[in-house]
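Here is a short note to keep beside you as you look around for the first time. Take the points in order, with the structure open.

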Amino acid sequence: SQSPEAFFTHVCGLRTVMPSNPYDAKGLLIASIENDDPVIFLEPKRLYNGPFDGHHDRPVVPWSGHALGNVPTGYYKVDLDKANIVRPGNDVTVLAYGTMVWVSEAAARESGVDAEVIDLRSIWPLDLETIVNSVKKTGRCVIVHEATRTSGFGAELAALVQEHCFYQLEAPIERVTGWDTPYPHAQEWAYFPGPDRVGAALKRALEGK
């Protein structure tokens, strides 16, 4: 019930993978098994029933009704080191993985922000080229993950974007994450980065605040 991906990325020699949908899950798993390196393969439990968008008050649409739920029975692979641009956009780049891909898509749609949402798929090694090209195009970056903020993998992503895109950034890099410290009597959903929080970060990035 935790989000320990940052711990594994800190271990030299380990690859860390987190799919956001059934199609990628099978392709990445086959690629992981065939890879010579040890691979930590993380599956967000929230995605087992369908592409959860962060709205806890709405029924989850099952994978059987989604295109990415149609998984071929035959052999195929998804490259371990290749991110996927799931939503093209021009105003701000969103870096996400796992469940947060769907939450970020919902946030972009509901906020009306022309956001480019990138599903990292492989957390480490990263597809740095896709990230850098997108941020240089949009000039803004929002990072979204379910893990806690302090020492979360979003900090590494922010550092890489700053190093490679400093002169193209037009606003501070935003991070939307889980809370560091749970507060008493909070509902379970309160810890989860939802589309409202992501949408607010998108707008702050556009305003440069």
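1. A good place to begin is S111, whose side chain reaches the backbone oxygen of A108 at 3.4 Å. The same distance, 3.4 Å, separates the side chain of S111 from the backbone nitrogen of V113. Both are polar contacts, meaning a pair of N or O atoms within 3.5 Å; within protein, one must be able to donate a hydrogen and the other to accept it, and residues adjacent in sequence count only if both atoms are side-chain atoms.

2. Before going further, please note that this is a predicted model, in which local features need pLDDT of at least 70 and side-chain atom pairs count only at pLDDT 80 or more, while totals for chains, interfaces and linings use all residues. Residues are numbered from 1 along each chain as its sequence is written, and side-chain values use heavy atoms, with hydrogens and water left out.

3. S111 belongs to helix α3, residues 99-111. Helices (H or I, at least four residues) and strands (E, at least two) are DSSP runs, numbered from the N terminus. Beyond its neighbours within four places in sequence, S111 is in contact (heavy atoms within 4.5 Å) with G199, L202 and K203.

4. Those partners lead to helix α6, residues 195-207, which packs against α3 at an angle of about 60° with the axes 8 Å apart. Axes here are lines fitted to C-alpha atoms, for helices over the stretch in contact, and angles run from 0 to 180 degrees between N-to-C directions. The angle makes α3 oblique to α6; under 35 degrees would count as roughly parallel, over 145 as roughly antiparallel, and 65 to 115 as roughly perpendicular, with the rest oblique. On the α3 side, the residues making the contact include V103, A107 and S111, and on the α6 side they include P195, G199 and K203.

5. Now move to S134, which is 23 residues from S111 in sequence and 20 Å away in space, C-alpha to C-alpha. S134 is one of the buried residues of α4, along with T130, I131, V132, V135 and T138. Buried means under 20% relative accessible area, exposed over 50%, and partly exposed in between (1.4 Å probe, protein chains only). Their cover includes strands β3 (84-87), β4 (92-96) and β5 (115-119), as well as β7 and α5.

6. What about α4 and α5? Their axes lie 10 Å apart, at an angle of about 65°. L128, I131, V132, V135 and K136 of α4 meet L157, L160, V161, H164 and C165 of α5.

7. The largest nonpolar core has 21 residues, and L95, L120, L126, I131, V135, L157 and V161 touch the most other members. Such a core is a set of buried Ala, Val, Leu, Ile, Met, Phe, Trp, Tyr and Cys residues joined through side-chain atoms within 4.5 Å. At least two residues come from each of α4 (128-138), β7 (141-148) and α5 (153-165), and α5 gives the largest share, 6 residues. Another core, of 20 residues, lies apart from this one, with V94, M100, V103 and V144 among them.

8. Finally, which residue sits in the loop between α4 and β7? Look for R140. R140 counts as buried because its relative accessibility is 15%. The side chain of R140 makes a polar contact of 3.5 Å with that of E170, and a polar atom of the R140 side chain lies 2.8 Å from the backbone oxygen of A205.
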